[in-house]
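User: I would like to learn how to read this fold. Can you take me through the main features, one at a time?

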Amino acid sequence: MFEVRRLLEPRAAAHAARTLDAAGLKTLAAALREAEAAAADGDADRFFQANSAFRNCWLGAVANERLSQTIARFVDHVLVVRLRTLSHQPTQAVIVAGMRAIYEAFVKRDAVAAYDRMTHFIQNAEERFMKLSPPFQNSDGEGKSMSRRGKS
């Protein structure tokens, strides 16, 4: 699923960098400030809400309807990742840094930077998710990392 996200979300972020209006940038700034404050307070629920507000805002600015709809089909995956990672305080710092980098690209209306920063953000999300996910058991009872699934 992370591979699918890396294919779709950076392109969507590039679109959003070109189409976000002043109100959208204000909403993103407020969500970023709220995420920073929630992380500092150790408030995982507030952090989750701020992260969701940030994501929903920039995704709402994507004018390509098919791209938006395709990303929306994978909302369950994003939720699973969030539930696994957003309550982990060291991960919150990584997420806030990524949100800030993406926000700065949006403010500059720099589609290339938004694309690159979203790619990096998703890579970090995958690394944190794999680190925080317990090994799964295969049919012979041996534990393996989730990152090895599907690989031979």
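Analyst: Start with the elements. Helices are DSSP runs of H or I with at least four residues, and strands are E runs of at least two. By that rule this predicted model has seven helices and two strands.

User: In what pattern do they follow along the sequence?

Analyst: The pattern reads α-α-α-α-α-α-α-β-β.

User: What share of the residues is buried?

Analyst: Buried means under 20% relative accessible area. Of the 152 residues, 43% are buried. The exposed surface is about 8500 Å², with 52% of it from carbon and sulfur atoms.

User: And how do I read the core? Which residues have the most contacts inside the largest one?

Analyst: In soluble globular proteins, nonpolar side chains tend to be buried together. Here the largest nonpolar core holds 44 residues. Leu20, Leu28, Phe47, Phe54, Trp58 and Phe106 have the most contacts inside it. At least two core residues come from each of helix 1 (2-19), helix 2 (22-41), helix 3 (44-60), helix 4 (65-72), helix 6 (89-107) and helix 7 (111-132).

User: What does Phe47 touch beyond four places away in sequence?

Analyst: Its partners there are Ala35, Ala38, Ala39, Leu86, Gln92, Ile95 and Val96. Across the protein, of contacts between residues at least 6 apart in sequence, 73% join residues at least 24 apart.

User: Last, cavities. What lines the largest cavity?

Analyst: A cavity is space where a probe fits but cannot get out. The largest cavity has a volume of about 30 Å³. Val4, Arg5, Leu8, Glu9, Ile71 and Phe74 line it. Helix 1 gives the largest share, four residues. By class, the lining has four nonpolar, two charged and no polar residues.

Terms used. Residues are numbered from 1 along each chain as its sequence is written. This is a predicted model: local features need pLDDT of at least 70, side-chain atom pairs count only at pLDDT 80 or more; totals for chains, interfaces and linings use all residues. Side-chain values use heavy atoms; hydrogens and water are left out. Buried means under 20% relative accessible area, exposed over 50%, partly exposed in between (1.4 Å probe, protein chains only). Contact means heavy atoms within 4.5 Å. Accessible areas come from the Shrake-Rupley method with a 1.4 Å probe; for residues, only the protein chains shown count as cover. A nonpolar core is a set of buried Ala, Val, Leu, Ile, Met, Phe, Trp, Tyr and Cys residues joined through side-chain atoms within 4.5 Å. On a 1 Å grid over the protein atoms alone, a cavity is a set of points where a 1.4 Å probe fits but cannot get out, and a pocket is an open set with protein on both sides within 12 Å along at least five of seven lines; lining residues have an atom within 4 Å of a point. Grid points are joined across faces, edges and corners, and a volume is the space filled by probe spheres set on the points. Ala, Val, Leu, Ile, Met, Phe, Trp, Tyr, Cys and Pro count as nonpolar, Asp, Glu, Lys and Arg as charged, and the others, Gly among them, as polar.
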